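Here's a quick tour of some charged pairs and one helix. Have a look at the model first, then read on.

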Amino acid sequence: MGGAGLLLASGMAQAGLKWWPGIGLNNDCLSGLPEHLKNHPLMKQIWANIDAAQVWDTHVHIVGTGDSDSTDTNNIQSKNKVWFNPDMDSYWHPILKLQKQFYMNGGCVDSEHVDTSYVARLAEISAEMPAGYKSMLFAFDWYHDAQGRPNKTQSIFHIPDQYVAGIAKQYPQYFEWVASIHPYRPDCVDALEQAHVLGARAIKWLPSGMGIDPSTAKCDAFYQKLHDLNMPIISHTGRESAVQGGDQSHGNPLRMRRALDAGVRVVLAHCASDGHDEDLDNQNKKIKSFDLFSRLMDTPAYQHLVFGEISAITLINHSWAIKPLLARTDWHNRLLNGSDYPLPGIQPLVSTNALVYMDLLQKDQIDFLQELRHYNPLMFDFATKRLINFDGNAFDTSIFHTRSFFEGHV
């Protein structure tokens with residue numbers, strides 16, 4: 001995720017606050033996209049020259065509490081059980097509790113049926129997208145220690161591969177799925193082969209939140225199998241605020257070089273657009289994580305291996321990177337769009353007014369976007385990125401046509 005935790009707690013007192021009046025803090029969770037939005041001239045503009053069958057949203061989270069399954073919640077080996085850390089319901093952990101409340105509202109869940117209502121809402125808004133549009137649903141593995149043992153107390157949540165694969169199987173017209181496998185696990189290669197057989201399109205990592213150092217030799221067998229299967233990794237890069245804990249340095253983009261040198265295609269989530277990391281090439285001085293991302297993107301040997309992903313870049317703590325990304329038109333064929341859903345449904349995280357102030361959107365587009373957001377955050381995220389323009393530069397159509405990348409055609 002792009003940074004919803006500490007941002008929600010502290011951002012209210014900072015720059016984003018003045019842009020929130022008129023937007024509110026809650027998602028109204030309206031259903032049934034009205035005709036005036038469906039037929040709005042801007043709706044036609046955002047889908048112009050887009051082949052919806054080639055649009056796979058590369059970054060969609062599944063959220064749940066496990067209330068749809070009666071499996072023993074104390075059994076860490078439960079294969080299909082969604083789990084979240086009980087600290088997220090504790091007043092002793094106010095940031096985690098606030099974070100969970102915003103996730104639930106962003107996903108429009110029914111508190112009595114969290115798992116099923118989250119999926120139902122996602123299917124509902126997916127049905128309003130043009131036919132062929134799909135979302136790639138993320139599993140999320142446990143935090144593991146250095147010996148590859150799962151550690152429940154260090155984990156914030158767990159979304160099993162089998163659970164996400166089951167949702168994609170239930171709604172094949174709307175969803176693909178992405179497995180999450182910790183590379184230190186003794187069974188990591190076997191688990192990867194199984195996920196591939198079940199149709200997983202990629203692997204999702206959050207290095208700090210899972211306890212993964214991508215630069216260690218412990219990952220080598222996993223990288224070799226990824227290369228053999230031609231499966232990419234989608235890995236968070238830069239600072240992580242949504243999932244607390246772990247070693248933030250594991251999100252340093254330069255730590256993904258080991259995977260790249262093994263010939264693995266790597267998608268650097270959020271283009272490392274938040275935070276600072278040590279420059280491992282220059283005396284470990286801390287510089288913007290985005291600058292390290294840029295170094296990888298500009299490395300000739302990685303031209304066919306390293307890719308950026310633009311989910312979360314409209315969030316108030318990431319949006320500064322939009323202009324540099326627009327200006328690098330030579331990167332656009334290696335950028336992939338993703339929504340980071342449910343974050344677009346969390347009202348405080350994205351300010352269209354701020355994007356107007358930055359000259360990235362036009363003022364007369366705001367009413368359309370803000371109303372669209374309450375009905376369909378997926379459509380809102382797509383529309384916002386399609387309308388963003390600065391000095392004549394917009395995000396190239398190819399950035400949204402992501403399907404071929406995950407089918408292995410690059």
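## D141 and its partner

D141 is buried, with a relative accessible area of 4%; buried here means under 20% relative accessible area, exposed means over 50%, and partly exposed is in between (1.4 Å probe, protein chains only). Its partner R185 counts as buried too, at 18% relative accessibility. R185 forms a salt bridge with D141 (a side-chain nitrogen of Lys or Arg within 4 Å of a carboxyl oxygen of Asp or Glu), and the closest N and O atoms are 3.0 Å apart.

Where do the two sit? R185 is in the loop between β5 (175-178) and α7 (188-197), while D141 is in the loop between β3 (134-138) and β4 (157-158), so the salt bridge ties together parts that are 44 residues apart in sequence. Helices (H or I, at least four residues) and strands (E, at least two) are DSSP runs, numbered from the N terminus.

## What to keep in mind

This is a predicted model: local features need pLDDT of at least 70, side-chain atom pairs count only at pLDDT 80 or more, and totals for chains, interfaces and linings use all residues. Residues are numbered from 1 along each chain as its sequence is written, and side-chain values use heavy atoms, with hydrogens and water left out.

## Other salt bridges

How many salt bridges does the structure hold? There are 18. One of them joins D298 and R328, with the closest N and O atoms 2.7 Å apart. This pair also links distant parts of the chain: D298 is in the loop between α11 (289-297) and β11 (306-309), R328 in the loop between α12 (322-327) and β12 (335-336), 30 residues apart. D298 is partly exposed at 39% relative accessibility, and R328 is partly exposed at 24%.

R121 and E124 make a more local story: they are 3 residues apart in helix α5 (residues 114-127), or about one helical turn. An α-helix has 3.6 residues a turn, so residues three or four places apart point the same way. The closest N and O atoms of the R121–E124 salt bridge are 3.8 Å apart. R121 is buried at 5% relative accessibility, whereas E124 is partly exposed at 31%.

Salt bridges also link up into a network, made of R257, D279, D281 and R295.

## Helix α14

Helix α14 (residues 366-375) is mostly covered, with 8 of its 10 residues buried. Among them are I366, F368, L369 and the charged R373. The buried residues of α14 pack against α2 (35-38), α3 (41-47), α5, α13 (352-357) and α15 (377-387), where contact means heavy atoms within 4.5 Å.
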